Amino acid sequence: MSDKASCSGAEVSSLHLEDDTARNGEQQEETKSGALDNQDEEKKEENKDEQKMGEKKDEGKKEEKKEKKDEGKKEDTNDEEKKEEKQDEEKHDDEGNEVVDYSNVEVPSSLQSLCGYVETTLKPQGKIMTFNIEKEVFGADRGTFVLHEDITQFAGMEEIGATVVAVYMRCLYDLLREANMCSMVGFIDPAQVSANAGSLTDRSRIVASRLQKTDGEQIFMMPYNQGRHWVLLIVRAKRETVYFLDPLPGNRVVDEEGKNIVNSALKIYNSHIGRPGRKAPIWKTLPGTPKQPSSVECGYYVMRFMRDIIMDPSLEFEKKFAKGKDQAPYPQAAIDEVRKEWA
């Protein structure tokens, strides 16, 4: 009836309502008997279908077994191919380290001697170089060590870690002491404050502890690795100002984690001296720093930044690295000077 209503319209539907109802009653009896016959036929068909499905399942299982065997053979082949690829990659990496062309870079004689010591003594005897960094450098005595890999990578102008940078800061401390500038410049241990060195709270407290030893206008140099890239932060606690020096080209800013570490440290420092302080410290990017030519020199550049700053007793680094200054890379001789001093 609904089909008729939808097709014929409302008037026709109402006129033939009684006839349709009567016909429906007659059709219901016929439908019942027809339905029973249809059910029997459907059951027979379903039984046939089930038999066919059972046969298909058996065939499917056989096919799956064959496929699994074939896949197993493919996996074995793939494993062999992967092993060969890995070996090729390892060879490529090894060759890559050798292929990196530093032939035009002269290794300073002191660094050559150190590499000779690595080959004749450290590697054959499985030794490392251990020494102590005095309390005056980072605020607390700490022992450290240099692996032979650190030395050979440094000689090859490869990426360097926090220990290598800390060793050079120990070297710079001697220059500060000779120039009577220890009260003007302090250092913060990069190994204790860089990314993955501990919780943000712990690292903030380490920085705050160093700032609390500040003497008037003293600045603190904080090399910071924000994740496979070195930058230099200079903290001037009395002025609540932080300078950001990045050897990569472009308009870059410090990452949020590094910023939070220093900001929290300055709050702790202000509380320590009983000063309300600013709502937020001043951050100044110094874009006029020399820019590294490729992706591996950042650590060497940060070390050279620190050297350039402390070699100027006026500490006018803000003017030196101001915007508009020459942003060409350092000449290799300037980097070699750092490598020589480190060795």
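pLDDT is the predictor's confidence in each residue, on a scale from 0 to 100. That's the place to start, since this is a predicted model. Averaged over the protein chain, pLDDT comes to 79, with 69% of the residues at 70 or more. The spread between elements is wide: helix α1 (residues 2-8) has the lowest mean, 32, and α11 the highest, 98. Two stretches call for caution. Residues 1-38 stay under 50 in pLDDT, and the model gives them 5 contacts beyond four places in sequence. Residues 85-103 also stay under 50, with 3 such contacts.

**The sheet**

Now for the sheet. It is an open one of 5 strands, ordered β3-β4-β5-β6-β7, with mixed pairing. At the edges you'll find β3 (185-187) and β7 (282-285); each has a single partner strand, so one side of each has no neighbour in the sheet. Going from strand to neighbouring strand, the turn averages 25°, direction ignored.

Here are three of the strand pairings, with a residue pair from each:

| Strands | Direction | Bridges | A facing pair |
|---|---|---|---|
| β3 and β4 | parallel | 3 bridges | Val 185 and Ile 219 |
| β5 and β6 | antiparallel | 5 bridges | Val 235 and Val 242 |
| β6 and β7 | parallel | 4 bridges | Thr 241 and Ile 282 |

To get from β6 to β7, the chain passes through helix α10 (residues 256-273), making a right-handed β-α-β crossover.

Two more helices come up against these strands. Helix α7 (residues 162-178) lies across β3, β4 and β5, and runs at about 155° to β3. Helix α11 (residues 298-310) packs on the sheet too, touching β3, β4, β5 and β6, with its direction at about 30° to that of β5.

How covered is β6? Mostly: 5 of its 5 residues are buried. Thr 241, Tyr 243 and Leu 245 point one way from the strand, while Val 242 and Phe 244 point the other way.

**Two positive phi values**

Most residues other than glycine have a negative phi. Two residues here go against that. Arg 228, in the loop between β4 (219-225) and β5 (230-236), has a phi near 65°. Glu 240 has one of about 50°, and its place is the loop between β5 and β6 (241-245). That loop belongs to a hairpin with 4 residues between the strands.

Are these two residues buried or exposed? Arg 228 has a relative accessible area of 67%, so it counts as exposed, the cut-off being over 50%. Glu 240 has 6%, which puts it among the buried residues, under the 20% limit.

**Salt bridges**

Side chains of opposite charge can pair when their charged atoms come close. Searching the whole structure turns up 17 salt bridges.

Arg 228 comes back here: it forms a salt bridge with Glu 159, the closest N and O atoms being 2.7 Å apart. This one links distant parts of the chain, as Glu 159 sits in the loop between α6 (148-155) and α7, 69 residues from Arg 228. Glu 159 is partly exposed at 39% relative accessibility.

Lys 284 and Glu 318 make another such link, at 3.1 Å from N to O. Lys 284 belongs to edge strand β7, whereas Glu 318 is in helix α12 (residues 317-320), and 34 residues separate the two. Both count as partly exposed: Lys 284 has 32% relative accessibility and Glu 318 has 30%.

Back in helix α11, Arg 304 and Asp 308 lie 4 residues apart, about one turn of the helix. Their side chains form a salt bridge, with the closest N and O atoms at 3.0 Å, and both residues are buried. Which residues make up the network around this pair? Salt bridges with shared partners join Arg 304, Arg 307, Asp 308, Glu 337 and Glu 341.

**A buried arginine**

One more arginine deserves a look. Arg 203 lies in helix α9 (residues 200-211) and is buried, at 3% relative accessibility. Beyond its neighbours within four places in sequence, Arg 203 is in contact with a run of residues including Gln 192, Val 193, Ser 194 and Ala 195. The contacts of Arg 203 also include Tyr 224, Glu 257 and Ile 261. Of these, Tyr 224 falls within β4 (219-225), and Glu 257 and Ile 261 fall within helix α10 (residues 256-273).

Technical notes: Residues are numbered from 1 along each chain as its sequence is written. This is a predicted model: local features need pLDDT of at least 70, side-chain atom pairs count only at pLDDT 80 or more; totals for chains, interfaces and linings use all residues. Side-chain values use heavy atoms; hydrogens and water are left out. Buried means under 20% relative accessible area, exposed over 50%, partly exposed in between (1.4 Å probe, protein chains only). Two strands pair if DSSP finds at least two bridges between them. Axes are lines fitted to C-alpha atoms, for helices over the stretch in contact, and angles run from 0 to 180 degrees between N-to-C directions. Contact means heavy atoms within 4.5 Å. A crossover is right-handed if, with the strands pointing away from the viewer, the path from the first strand over the helix to the second runs clockwise. A salt bridge is a side-chain nitrogen of Lys or Arg within 4 Å of a carboxyl oxygen of Asp or Glu.
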